[in-house]
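The following exercises concern a predicted model. Each task is followed by a solution in steps.

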Amino acid sequence: HTALPMVSFEYCVPEMSVLAKDCCAYLHGLSPQGAFNYSIGESMQWASTEWMRFEDFISHIGSAAFTETLFGDIYFKSI
């Protein structure tokens with residue numbers, strides 16, 4: 001099979017923080033070298049200037065700064 005180069009899904013925090021982390025863990029399992037970024041709301045702009053590794057992004061999802069974004073899209077790119 002061929003991996004998708006990039007996938008995105010919507011998030012809603014804090015209500016669905018655990019589910020967002022679970023989705024990220026699933027994608028990480030498919031491509032452990034992959035990286036994450038996100039866009040806030042409907043901005044269609046990267047919220048982070050750097051793509052984050054799994055462990056860093058999971059920590060970020062748990063942060064107050066991320067929770068305050070309320071909703072947006074999480075992106076994962078295979079490497």
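**Exercise 1.** Determine which residues are in contact with Ser-31, leaving aside its neighbours within four places in sequence, and establish where Ser-31 lies.

*Solution.*
Step 1. Once the neighbours within four places in sequence are set aside, Phe-76, Ser-78 and Ile-79 are in contact with Ser-31.
Step 2. Ser-31 belongs to the loop between α1 and β2, the latter spanning 35–40.
Step 3. The relative accessible area of Ser-31 is 11%. Buried means under 20%, so Ser-31 is classed as buried.

**Exercise 2.** Locate Met-16, classify its accessibility, and state how far it is from Ser-78 in sequence and in space.

*Solution.*
Step 1. The loop that holds Met-16 runs between β1 (6–12) and α1 (17–30).
Step 2. Met-16 has 41% relative accessibility and counts as partly exposed.
Step 3. In sequence, 62 residues separate Met-16 and Ser-78. In space, their C-alpha atoms are 24 Å apart.

**Exercise 3.** How many disulfides does the structure hold, and why is Cys-23 without a bond to Cys-24?

*Solution.*
Step 1. The number of disulfides is 0.
Step 2. A disulfide requires two cysteine sulfur atoms within 2.5 Å.
Step 3. For Cys-23, the closest cysteine sulfur is that of Cys-24, at 7.0 Å, and this is too far for a bond. Cys-24 likewise is in no disulfide, its nearest cysteine sulfur being that of Cys-23.
Step 4. As for accessibility, Cys-23 is partly exposed at 29%, whereas Cys-24 is buried, with a relative accessible area of 0%.

Methods. Residues are numbered from 1 along each chain as its sequence is written. This is a predicted model: local features need pLDDT of at least 70, side-chain atom pairs count only at pLDDT 80 or more; totals for chains, interfaces and linings use all residues. Side-chain values use heavy atoms; hydrogens and water are left out. Buried means under 20% relative accessible area, exposed over 50%, partly exposed in between (1.4 Å probe, protein chains only). Helices (H or I, at least four residues) and strands (E, at least two) are DSSP runs, numbered from the N terminus. Contact means heavy atoms within 4.5 Å.
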